[in-house]
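Here is a protein to explore with the sequence on one side and the 3D view on the other. Take it slowly, and click on each residue as it comes up.

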Amino acid sequence: MEIRNIAIIAHVDHGKTTLTDAIMTQCGHGDDGSMDSNALEQERGITIYAKNTSVVFKGTKINIVDTPGHADFGSEVERILRSIDTVLLVVDAQEGPMPQTRFVLKKSLELGLKPIVIINKIDKPAANPTKVHDEVLELFMELGANDEQLNFPVIYAIGRQGLAKKALTDDSKDLTPLLETILEHVPPANRSATEPLTAQVFNLGYDNFLGRLAICRIYNGTLKDGQDVWVKEENGKTFTGKVTKLFTFEGKKKVEIPQAESGDIVTVAGMPDIYIGQTLTDKEETPAMPSIKVDEPTISLQFLVNNSPFAGREGTFVTGRQIRERLEKELEVNVGLKVDFNPTILEGQSTIEGYTVFGRGELHVAILIENMRREGYELQVSQPKVITREENGQVLEPFEEVIIDTPEAYSGIIIETLGKRKGVMMDMKTHGNQVRMVFEMPTRGLLGYRNAFTIDTKGEGIMSSRVIGFKPHAGNIEKRQTGSMTSMTAGKSFGFSLWNLQDRGRLFITPAMEIYEGMVIGDTSKGDDLDVNPCKGKQLSNMRSSGKDEALTLVPPYTLSIERGLELMRDDEYLEITPKNIRLRKKFLTELDRARARRKDL
Ligand SMILES: Nc1nc2c(ncn2[C@@H]2O[C@H](COP(=O)(O)OP(=O)(O)OP(=O)(O)O)[C@@H](O)[C@H]2O)c(=O)[nH]1
Ligand SMILES: [Mg+2]
């Protein structure tokens with residue numbers, strides 16, 4: 001059977017997974033379920049992990065990799081591009097090219113791939129496929145596409161209805177025009193099974209029984225179950241291993257096979273130390289393929305053993321060793337992640353065991369923490385910091401391109417706020433009463449801004465960003481104008497005291513919650529740190545006469561999630577995460593210790 005290998009790439013939410021699911025359904029794999037199979041993916045409606053599937057259309061096998069569109073998971077996409085022959089670039093017919101569209105297209109063009117462009121969601125009321133087509137063409141030119149690449153085929157689609165067409169005026173009832181274009185346009189994978197074996201690992205998986213799995217593209221020769229292989233790296237490192245199981249994809253399912261030939265994408269078990277970029281060969285002299293480079297992390301934070309007064313109450317895995325082992329396991333599959341296992345972090349008089357974790361953004365790290373807490377881990381983390389670098393005596397920091405679509409009425413406040421956060425406006429276009437603004441700003445200025453953005457635009461604004469590189473440090477940034485409301489007592493929170501406190505700011509807690517001294521229960525609108533008592537009951541004497549007890553209406557709390565916590569937290573705070581709760585706390589729990597620490601800082 002002939003084979004075609006493709007990846008589907010786009011900006012977040014432009015419809016990759018919906019389209020991949022529709023392809024699977026129309027090729028007889030509807031029972032496999034959505035490509036977004038992970039629990040967190042389903043809850044959030046985004047793809048987090050790149051995944052393979054395989055369908056047969058008109059007697060040809062099409063291997064497809066569905067990739068995540070969120071910029072934090074860009075490292076997933078980069079290496080996938082090395083394993084396929086063509087990309088389907090999906091672009092929303094209303095939004096047009098967005099930051100991640102540019103990033104994934106740039107990487108594809110650099111690798112010499114010739115994309116197929118899919119202008120998707122043409123059913124949207126404000127869709128403008130013709131204009132978006134022009135914008136995509138412009139983007140190709142801007143990114144230096146060669147003539148062959150510029151001559152890309154275009155498909156118009158409604159992924160959600162499983163429809164694709166070659167011209168907007170065509171009638172269509174399914175995805176056949178897209179699948180046909182794939183067969184015509186994507187070069188058949190090399191099927192020469194006789195040459196010496198060369199296969200490269202581009203993704204990792206894990207199986208409780210089989211251990212680490214390597215997902216490889218076979219470039220030459222034949223790979224067999226039970227075969228002894230050399231595993232090689234470009235830098236010369238070589239070791240031997242044995243294939244103990246070999247799988248091919250049928251739909252999303254892995255199916256065991258005795259052997260696979262060049263051109264195919266397979267999953268290999270049996271080598272616990274195998275890693276992305278390594279080459280499998282059957283002859284010692286066969287050279288390794290060029291390694292796969294992944295972009296560097298941009299933020300770092302500490303993962304610490306929980307030492308709050310509630311430590312160990314709610315988690316199953318709480319020790320430093322357990323956290324360490326979990327992080328080591330994560331490193332096996334999470335390519336954008338790095339960890340410094342230097343084990344202790346000093347905090348005042350005491351030491352807390354912990355490690356420094358480096359990630360590609362707040363969401364990247366938040367997903368890891370969320371997974372850990374669901375597995376029963378308990379820990380606390382420090383405020384995420386941007387990673388800086390020194391070059392020729394100059395400090396550099398990561399910068400991002402930010403695209404904002406918002407009703408015009410909110411553009412003023414956004415320009416003002418981003419200006420304070422060192423954002424520089426690069427472009428501004430108005431369509432009707434909508435504005436699209438493009439900014440360049442340090443990642444540091446963006447940290448903690450998403451939440452304010454939602455509030456400033458009353459939920460109507462859309463913001464997306466991606467790292468464009470390291471640039472000279474932009475100087476000091478004045479951030480949150482709010483302060484923390486910290487409990488000065490331990491006990492159970494009382495509705496009455498919360499009712500009194502809610503005028504001073506926004507509360508994170510509800511009545512009848514267990515509180516400890518030093519726990520941050522809200523933020524203050526005035527901007528000062530405030531020590532409060534949320535556990536104070538009402539004096540019984542005034543209660544009866546007033547008769548207004550039922551009238552104590554509490555504003556719904558601003559419940560902390562991991563992402564909200566990471567955004568809100570300040571340098572002198574930790575975010576405590578357990579399977580049951582997320583709490584914000586001061587590093588120093590008593591006011592006296594905080595005062596001491598402040599004095600030391602001066
Ligand atoms: N109007 C319209 N909406 C669509 C269409 N295709 C997908 N959507 C919606 O767009 C949203 C995002 O779809 P996904 O398929 O998850 O997008 P994605 O590109 O895989 O997103 P990430 O993997 O997170 O980058 C969902 O709410 C879909 O229902 C379409 O053809 N028309
Ligand atoms: Mg997706």
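## A buried threonine

T47 counts as buried, because its relative accessibility is 8% and the cut-off for buried is under 20%. Keep in mind that you're looking at a predicted model, so every value here is computed from predicted atoms.

T47 is also one of the residues closest to ligand 1. An N or O atom in the T47 side chain sits 2.7 Å from an oxygen atom of that ligand.

## Holding the magnesium ion

Which residues coordinate the magnesium ion? The answer is T17 and T47, each through its OG1 atom, at 1.9 to 2.0 Å. The magnesium ion is ligand 2 in the numbering used here. T17 belongs to helix α1, while T47 is in the loop between α2 (39-44) and β2 (51-57), so this pair ties together parts that are 30 residues apart in sequence.

Like T47, T17 is tucked away: with 10% relative accessibility, T17 counts as buried.

## Around ligand 1

Now turn to ligand 1. It has 17 residues around it, and the closest are K16, T17, T18, T47 and D123. Helix α1 (residues 16-29) gives the largest share of this shell, with three residues. If you sort the shell by character, you get three nonpolar, eight polar and six charged residues.

Zoom in on some of the polar atoms. An oxygen atom of ligand 1 lies 2.4 Å from a polar side-chain atom of T18. The backbone joins in as well: a polar backbone atom of G69 is 2.9 Å from an oxygen atom of the ligand. On its own, ligand 1 has 650 Å² of accessible area, and the protein covers 84% of that.

## N120, hidden in a strand

Next stop is N120, which you'll find in strand β5 (residues 116-120). Is N120 buried or exposed? At 2% relative accessibility, N120 counts as buried.

What does the N120 side chain reach? One of its polar atoms is 3.0 Å from the backbone oxygen of H14, and the side chain also reaches the backbone nitrogen of G159 at 3.0 Å. Leaving out residues up to four places away in sequence, N120 touches H14, G15, V90, V91, D92, A93, A157, I158 and G159.

## R217 and its partners

R217 is part of strand β9 (residues 211-220). This arginine is charged, yet R217 is buried, with a relative accessible area of 5%. Two polar contacts are worth finding on screen. The side chain of R217 is joined to that of D85 by a polar contact of 3.2 Å, and a polar atom of the R217 side chain lies 3.0 Å from the backbone oxygen of S83.

If you skip its neighbours within four places in sequence, R217 is in contact with a list of residues that includes N5, S83, I84, D85, F202 and G263. G263 is a nice example of the chain folding back: R217 and G263 are 46 residues apart along the chain, but their C-alpha atoms are separated by 6.9 Å.

## A mostly covered helix

Helix α7 covers residues 176-185, and seven of its ten residues are buried. Which ones are they? They are P177, L178, L179, T181, I182, L183 and H185.

## Two positive phi angles

D13 isn't a glycine, but it has a positive phi of about 75 degrees. You'll see D13 in the loop between β1 (3-10) and α1. D13 is exposed, because its relative accessible area is 52% and exposed means over 50%.

A512 isn't a glycine either, and its phi is positive too, at about 65 degrees. A512 is in the loop between β31 (505-507) and β32 (514-515). With a relative accessible area of 52%, A512 is exposed.

## A last look at S561

Finish in the loop between α14 (540-546) and α15 (562-568), where S561 is placed. S561 counts as partly exposed, at 27% relative accessibility. Its side chain reaches the backbone nitrogen of R564 at 3.1 Å.

Now try V305: S561 and V305 are 256 residues apart along the chain, and their C-alpha atoms are separated by 19 Å.

How values were computed. Residues are numbered from 1 along each chain as its sequence is written. Chains are lettered from A and ligands numbered from 1 in the order in which they are written. This is a predicted model: local features need pLDDT of at least 70, side-chain atom pairs count only at pLDDT 80 or more; totals for chains, interfaces and linings use all residues. Side-chain values use heavy atoms; hydrogens and water are left out. A residue is near a molecule or strand if one of its heavy atoms lies within 4 Å of it. A polar contact is a pair of N or O atoms within 3.5 Å; within protein, one must be able to donate a hydrogen and the other to accept it, and residues adjacent in sequence count only if both atoms are side-chain atoms. Accessible areas come from the Shrake-Rupley method with a 1.4 Å probe; for residues, only the protein chains shown count as cover. Helices (H or I, at least four residues) and strands (E, at least two) are DSSP runs, numbered from the N terminus. Donors are N, O and S atoms within 2.8 Å of the metal (3.2 Å for Na, K and Ca); water is not among the atoms, so sites may look incomplete. Buried means under 20% relative accessible area, exposed over 50%, partly exposed in between (1.4 Å probe, protein chains only). Contact means heavy atoms within 4.5 Å.
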